[in-house]
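Visitor: Could you take me on a close look at one part of this structure, the part around the ligand and the strands beside it? I am new to this, so please go step by step.

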Amino acid sequence: MTADPQPPPAPVRGAEAVVLVGGRGVRLRPLTLSAPKPMLPTAGVPFLSHLLSRIRAAGIEHVVLGTSYKSEVFAEHFGDGADLGLEIEYVVEDEPLDTAGAIRNVADRLREPDVLVFNGDILCGVDLPELVRTHRDAAADVTLHLVRVADPRSFGCVPTDADGRVTAFLEKTDDPPVDQINAGCYVFRREVIEDIPAGRPVSVERETFPGLLASGARLQGYVDESYWLDLGTPAAFVRGSADLVRGIAPSDALPGAPGESLLLPGARVDADAVVDGGSTVGAGSVVEAGAAVHGSTLFDAARVAGEAVVERSVLGAGAEVGAGAVLRGAVIGDGARIGAGCELLDGARVWPGVELPPGGVRFSAD
Ligand code: GTP
């Protein structure tokens, strides 16, 4: 006897989405010198496409992007959103307003009672309809998605009481009292957004949430253990991209079936090369005989020469890795050339257009 198939989740009604995409992405330099973080190619499409696919899958159609850094590239790519079944609006900050300032800045575009707000660099599998339902059942002012992580020490943690109500926002410590952290996804009652001060930078984590808590507002936690990754660092970026390619991270925007590698149109991988671990080989990129590419992301028109090893690394558009070079945990900017035999280890970053001569430059940032 087979189990009855699960009915698809009911679409969320009476809610819309705001996605914050205005950050400079400093930790992901040099990749973010040419594109904002949410537009970096991730498993074959701009990272933001994965998040938008999840928003659409939840039945939400109206999306407002709060932009600042390199604001124009979002509209150039996504247009009015119709191709994705969405209605996308763009609001530009002349000066970055930080996270809550950016939310306040889009208030006049909002029209639904509940507003889902996302950090634009989060990859996660939270059940969005359930998050909204929790918010409504609790009649909360704001509901925060809180995710349980194995090692909460590098995050501020957010304890909740027996009713799921947030009791504090705690700074990072070596001995956190709970393992649940702010996952960067919230539901706001729309009126709460209108109360955020306008026209100046405001941080949602440092000012808005602690202020609401102190004033007695109802802040609800929705705790789960779904897939969650903040793609803020190079290491997280390559991991998130590989998890998308392998189908570990949820997305409806993956171009193709999940697998060990994703080869975009025009990519060429020699029969004697290995590409695995969720690697993406961008359009027109080449991996030559004897080379090995593990868990890495190659943007378009990159080249990995024979016998080179590229592991947990990102190669920007047009970047080249010479024969026999070894890259582990490295980030190579657009058009940079790594000479034959060089060794670049964890944390190494090469700026766009830089050429490292052949002959074994060895570099580790650690
Ligand atoms: P780093 O510079 O590496 O810290 O990255 P970031 O600038 O993206 O900052 P952070 O990861 O803390 O930002 C979390 C989310 O908020 C990201 O999706 C950012 O794009 C977004 N964000 C941060 N600051 C602003 C801002 O001033 N305006 C807008 N619209 N979005 C912002």
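Guide: Happy to! Let us begin with the wider region: the UniProt record, an unreviewed entry, places the feature "domain: Nucleotidyl transferase" at residues 17-244. Keep in mind as we go that this is a predicted model. In residues 17-244, 28% is helix and 24% is strand, and the C-alpha atoms at the two ends of the span lie 22 Å apart.

Now to the ligand. It is surrounded by 19 residues, and the closest are Leu20, Val26, Arg27, Glu93 and Asp98. By character, the shell divides into six nonpolar, seven polar and six charged residues. Helix H3, residues 98-105, gives the most to this shell, with three residues.

Look next at the backbone around the ligand. A backbone N or O atom of Gly23 lies 2.8 Å from an oxygen atom of the ligand. A polar backbone atom of Val26 is also 2.8 Å from an oxygen atom of the ligand. With Gly66 the ligand atom is a nitrogen, and a polar backbone atom of Gly66 is 2.9 Å from it. Taken alone, the ligand exposes 610 Å², and the protein buries 82% of that.

Two residues you have just met, Leu20 and Gly66, lead us to the strands. Leu20 stands opposite Gly66 in strand E4. Strand E4 covers residues 62-67, and four bridges join it to strand E1, with the two running parallel. As background, strands of a sheet pair through backbone hydrogen bonds, either parallel or antiparallel.

Stay with strand E1, residues 15-20, for a moment. Six of its six residues are buried, so E1 is largely enclosed by the rest of the structure. In a regular strand the side chains alternate between the two faces of the sheet. You can follow this in E1: Ala15, Ala17 and Val19 point one way, while Glu16, Val18 and Leu20 point the other way, and all are buried.

E1 has another partner to show you. Six bridges join E1 to strand E6, residues 114-119, and these two run parallel. Within that pairing, Val19 stands opposite Phe118 in E6. Strand E6 has six of six residues buried, so E6 too is largely enclosed by the rest of the structure. From E6, Asp114, Leu116 and Phe118 point one way and Val115, Val117 and Asn119 the other way, and all are buried.

Moving on from E6, we come to strand E9, residues 180-189. Five bridges join E6 to E9, and here the strands run antiparallel. Asp114 of E6 stands opposite Arg189 in E9.

One last stop takes us back beside E4. Gly59 lies in the loop between helix H1, residues 47-57, and E4. Is Gly59 buried or exposed? Its relative accessibility is 16%, and buried means under 20%, so Gly59 counts as buried. For a sense of distance, compare Gly59 with Tyr69: they are ten residues apart along the chain, and their C-alpha atoms are separated by 29 Å.

To retrace our path: Leu20 is among the residues closest to the ligand, and Leu20 is one of the buried residues of E1. From E1 you can step to E4 through four bridges or to E6 through six bridges.

Note on methods. Residues are numbered from 1 along each chain as its sequence is written. This is a predicted model: local features need pLDDT of at least 70, side-chain atom pairs count only at pLDDT 80 or more; totals for chains, interfaces and linings use all residues. Side-chain values use heavy atoms; hydrogens and water are left out. A residue is near a molecule or strand if one of its heavy atoms lies within 4 Å of it. A polar contact is a pair of N or O atoms within 3.5 Å; within protein, one must be able to donate a hydrogen and the other to accept it, and residues adjacent in sequence count only if both atoms are side-chain atoms. Accessible areas come from the Shrake-Rupley method with a 1.4 Å probe; for residues, only the protein chains shown count as cover. Ala, Val, Leu, Ile, Met, Phe, Trp, Tyr, Cys and Pro count as nonpolar, Asp, Glu, Lys and Arg as charged, and the others, Gly among them, as polar. UniProt positions are given in the numbering used here, feature names are shortened, and annotations may be inferred rather than shown by experiment. Buried means under 20% relative accessible area, exposed over 50%, partly exposed in between (1.4 Å probe, protein chains only). Two strands pair if DSSP finds at least two bridges between them.
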